[in-house]
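Notebook open, model loaded. I want the pockets, then the overall build, then a few single residues.

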Amino acid sequence: MSISEIKTPDQRSRRFIFIPFCLICQAFQAQGIVRHGYSATIKPIVEEILRHEINIIQMPCPESRLGGYENGLKRGPKGISKYDTPEFREVCQRSASEVTDMIKAILANDYKIVAILGIEFSPSCSIKLQYSNKGTFHQSGIFIESLKSQLAKEKIEIPFVGINRRGMKKSLKELRELLSQQKNLLDF
Ligand code: SF4
């Protein structure tokens, strides 16, 4: 059957969101740190996305990729300074390049990308917050930094929203406001 012979209207959403791998797969987090009440998916965020009928793309998990998934899944938590190695930067660049290629293809097909989500305090996927033994400081995770830089080179602008598992109300509000504005702007 050709496309011109299909009579029923195509009902797909034309909007996409890119999410960190662990947003719907908490078991990919480092061992010992899944303790904010979300055992498998970060439900309030996922439910908000579902309410808006947005296509969801799960980005790679760079930390569990490092050295292969079998070992990656057993990893313990480490700060960003420990992750900042040429080997890990290479994993992040490769992952960011895959995501960038997908984003370019989606935009070239006239779909819209409403946001890219990160996980605050992740050495890889945070948008702006990190921990150290001296407290909290501002720095994007290494994967997000690479993704931002690759998108900037392509002159692609997409809002980034950091999900803070300790401040879920604020994260949810920020996401909800963004998705509502984008709905008005972008629905066909
Ligand atoms: S590296 Fe990113 S996707 Fe993987 S567990 Fe950490 S925050 Fe989640």
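Which residues line the second largest pocket? I listed Glu120, Ile127, Lys128, Leu129, Phe160, Val161, Gly162, Asn164, Gly167, Lys170, Ser171 and Glu174. One caution before I go on: this is a predicted model.

**Second largest pocket**

I get about 200 Å³ of space in the second largest pocket. I sorted its lining by class and found an even split: four nonpolar, four polar and four charged residues. I then checked which elements supply the lining, and β6 (160–163) and α7 (168–186) each give at least two residues.

I picked Ser171 out of that lining for a closer look. Ser171 sits in helix α7. Is Ser171 buried or exposed? Its relative accessibility is 3%, so I log Ser171 as buried, the cut-off for that being under 20%. Leaving out residues up to four places away in sequence, I see Ser171 touching Gly162, Ile163 and Asn164. Two of these partners, Gly162 and Asn164, are themselves on the list for the second largest pocket.

**Largest pocket**

Next I went to the largest pocket, which holds about 570 Å³ of space. I count 31 lining residues there, and Ile33, Phe121, Ser122, Pro123 and Arg165 are the closest to its centre. Elements that give two or more residues to this lining are α2 (62–65), α4 (80–83) and β4 (129–132). How does the lining divide by class? I have 17 nonpolar, seven polar and seven charged residues.

Phe121 deserved its own entry. I find Phe121 in the loop between β3 (112–119) and β4. Its phi is positive, about 75 degrees, although Phe121 is not a glycine. I also checked burial: with a relative accessible area of 16%, Phe121 is buried.

**Another positive phi**

I noted Lys155 as well, a residue other than glycine with a positive phi, near 60 degrees. Lys155 lies in a loop too, the one between α6 (142–153) and β6. Is Lys155 buried or exposed? I put Lys155 down as exposed because its relative accessibility is 75%, and the cut-off is over 50%.

**Strand β1**

I moved to Phe16, which is in strand β1 (residues 15–19). At 12% relative accessibility, Phe16 goes into my buried column. Which residues does Phe16 touch, not counting those up to four places away in sequence? My list reads Ile54, Asn55, Ile57, Ile106, Tyr111, Lys112, Ile113, Val114 and Ala115. I checked Ile113 from that list by distance: Phe16 and Ile113 are 97 residues apart in sequence, yet 4.6 Å apart in space, C-alpha to C-alpha.

**Whole chain**

Stepping back, I count seven helices and six strands in the protein chain. Their order along the sequence is β-α-β-α-α-α-α-β-β-β-α-β-α. The radius of gyration is 17 Å and the globule rule gives 16 Å for 188 residues, so I call the chain as compact as a globular protein of that length. The C-alpha atoms fill a box of roughly 60 × 35 × 30 Å along the principal axes.

What share of the residues is buried? I get 45% of the 188. I also looked at contacts with a separation of 6 or more, and 69% of them join residues 24 or more positions apart. Last entry, the surface: the chain exposes about 10800 Å², with carbon and sulfur atoms supplying 53% of it.

Terms used:
Residues numbered from 1 in each chain as written. Predicted model: local features only at pLDDT ≥ 70, side-chain atom pairs only at ≥ 80, totals over all residues. Heavy atoms only, no water. 1 Å grid on protein atoms, 1.4 Å probe; cavity = no way out; pocket = protein on both sides within 12 Å on 5 of 7 lines; lining within 4 Å. Points joined across faces, edges and corners; volume = space filled by probe spheres on them. Helix = DSSP H or I, 4+ residues; strand = E, 2+ residues; numbered from the N terminus. Nonpolar A, V, L, I, M, F, W, Y, C, P; charged D, E, K, R; others polar. Rg over C-alpha atoms; globule rule 2.2 N^0.38 Å. Buried < 20%, exposed > 50% of the residue type's maximum accessible area, 1.4 Å probe, protein only. Contact = heavy atoms within 4.5 Å. Areas by Shrake-Rupley, 256 points an atom, 1.4 Å probe, with all protein chains shown as cover.
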